[in-house]
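Trainee: Could you take a close look at one part of this structure for me, the place where the two chains meet? I'd like a connected walk-through rather than a list.

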Amino acid sequence: MTTEMQKSGGMKKDMVVYVCILALAAIQFVIAYQSIDGLQMFVRMLIVAAVEAGLALVFFMQLSENRGLLWFVAIFTVFVLLAMQYGWTDSFRLSAGAPWSK
Amino acid sequence: MSQAEMTMGGHSGVTAGPAFSIPTKKLAMWLFIIADTATFAACLVAYGFIRNATPNWPRPFHSITNVALMTFILVTSSLTMLMGVRAARAGDKSGALRWTFVTAAAGIIFALLHVREWLALIGEGMTLFKNPWGTGLFGAAFFGITGLHLTHVTAGVIALIVVGIRYKGGRYNADDLDILGLYWHFVDMVWMFVVPLVYLLNLAH
């Protein structure tokens, strides 16, 4: 395969990923106008954002080309997401129980 | 045994290649990105925390046009950055330079749209500590998170221009553009979380 063919193949892949990310961003805007409760909306938007970020990480930032680094970033991301969950649940405790929240 | 090996206690493996088999500069950028991810995650968690715990949280955004346009520009700038890096890797110096400056221009347009939005909100009476719609915490959270992101975009634009000029002068090469590209994609990636959490969840229905 020539360098020119590799370049055009790479560009095609980049374009597909770019269109996918734009489409996912559009889905987030559609979700914002759905008549669903706040928690459901938040969860749906966060899932779409995570997929968008995953596409950008794997294809734009070429993380798929380095397995060691991919695992390192994946484990770190899971750790951050778990830490976020700790924060969210505690905010419910604050809104329901703490006197200074009202 | 060399002096260096003796200093290392005779373990020649200590001086093996860089971690994850990537250049040291690229690894440094990845470590920065990981650290910055934690910073943004902490900000977004803190934002979610106060938003959830505050009963009269404002929903001041009536239109999604501006934020949709900003999103389109930033995602497109990631594509132009990729094109620049690909051109640099293929030895097309003028193409690499052109796409790098197109990316910088997109960053500038994004920043200007952002400032325009800020000025509109300030014009409606929103400051860091108060606003006409509800809790004053909203201003601090909104300006804090979007300001942090805007700072990253501004720094990225400056870096794109500096690296572009030095690439043209021959001081930097395709690897340097590639490393800067990582930073730019990261800034784009953060925006993907800022939009739903800070803008779309606060739309006035």
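Mentor: Here's a walk through chain A and the side of it that touches chain B.

Keep in mind that this is a predicted model. Chain A has a mean pLDDT of 83, with 75% of its residues at 70 or more. That confidence isn't spread evenly: among the elements of chain A, H2(A) has the highest mean pLDDT, 93, and H3(A) the lowest, 76. Where pLDDT is low, the predicted coordinates shouldn't be read in detail.

The fold of chain A is quick to describe. You get three helices and zero strands, so to speak an α-α-α pattern when read along the sequence. Of its 102 residues, 20% count as buried.

Now the interface. On the chain A side, 38 residues are in contact with 35 residues of chain B. Helices H1 (3-32), H2 (38-60) and H3 (67-97) of chain A each put in at least two residues of that side. H3(A) gives the largest share, 13 residues. Sorted by class, the chain A side that touches chain B holds 25 nonpolar, nine polar and four charged residues.

Let's zoom in on H2(A), the element of chain A with the highest mean pLDDT. H2(A) packs on helix H6 (residues 174-199) of chain B at an angle of about 175 degrees, and the two axes are 9 Å apart. Anything over 145 degrees counts as roughly antiparallel, and H2(A) and H6(B) are therefore roughly antiparallel to each other. From H2(A), the residues involved are A:Met45, A:Leu46, A:Ala49, A:Glu52, A:Ala53, A:Ala56 and A:Phe60. Across from them in H6(B) sit B:His185, B:Asp188, B:Met189, B:Met192, B:Phe193 and B:Pro196. By class, this helix-helix contact has ten nonpolar, one polar and two charged residues.

Follow the chain onward and you reach the loop between H2 and H3 of chain A, where A:Gln62 is found. Check its backbone: A:Gln62 has a positive phi of about 50 degrees although it isn't a glycine. A:Gln62 is partly exposed, because 16 other C-beta atoms lie within 10 Å, and the partly exposed class falls between 12 and 20.

Next comes A:Leu69, which has its place in helix H3 of chain A. With 20 other C-beta atoms within 10 Å, A:Leu69 is buried; the cut-off for that class is 20 or more. Leaving out residues up to four places away in sequence, A:Leu69 touches A:Leu63 in its own chain, plus B:Phe20, B:Ile22 and B:Trp30 from the partner. For a sense of scale within chain A, A:Leu69 and A:Ile27 are 42 residues apart in sequence and 30 Å apart in space, C-alpha to C-alpha.

One of those partners, B:Trp30, leads us into chain B. B:Trp30 is among the buried residues of H2(B), along with B:Met29, B:Tyr47, B:Arg51, B:Asn52 and B:Ala53. H2(B) itself covers residues 24-53, and at 1.5 Å a residue its 30 residues should span 44 Å; the end C-alpha atoms are 43 Å apart, so the two figures agree. You can run that check on H3(B), residues 65-89, as well: its 25 residues should span 36 Å, and its end C-alpha atoms are 36 Å apart, which agrees. Just after H3(B), B:Gly91 takes a positive phi of about 85 degrees.

Note on methods
Residues are numbered from 1 along each chain as its sequence is written. Chains are lettered from A and ligands numbered from 1 in the order in which they are written. This is a predicted model: local features need pLDDT of at least 70, side-chain atom pairs count only at pLDDT 80 or more; totals for chains, interfaces and linings use all residues. Helices (H or I, at least four residues) and strands (E, at least two) are DSSP runs, numbered from the N terminus. The expected span of a helix is 1.5 Å times one less than its number of residues. Two residues are in contact if their C-beta atoms, placed from the backbone, lie within 7 Å. Ala, Val, Leu, Ile, Met, Phe, Trp, Tyr, Cys and Pro count as nonpolar, Asp, Glu, Lys and Arg as charged, and the others, Gly among them, as polar. pLDDT is the predictor's confidence in each residue, from 0 to 100. Axes are lines fitted to C-alpha atoms, for helices over the stretch in contact, and angles run from 0 to 180 degrees between N-to-C directions. Angles under 35 degrees count as roughly parallel, over 145 as roughly antiparallel, 65 to 115 as roughly perpendicular and the rest as oblique.
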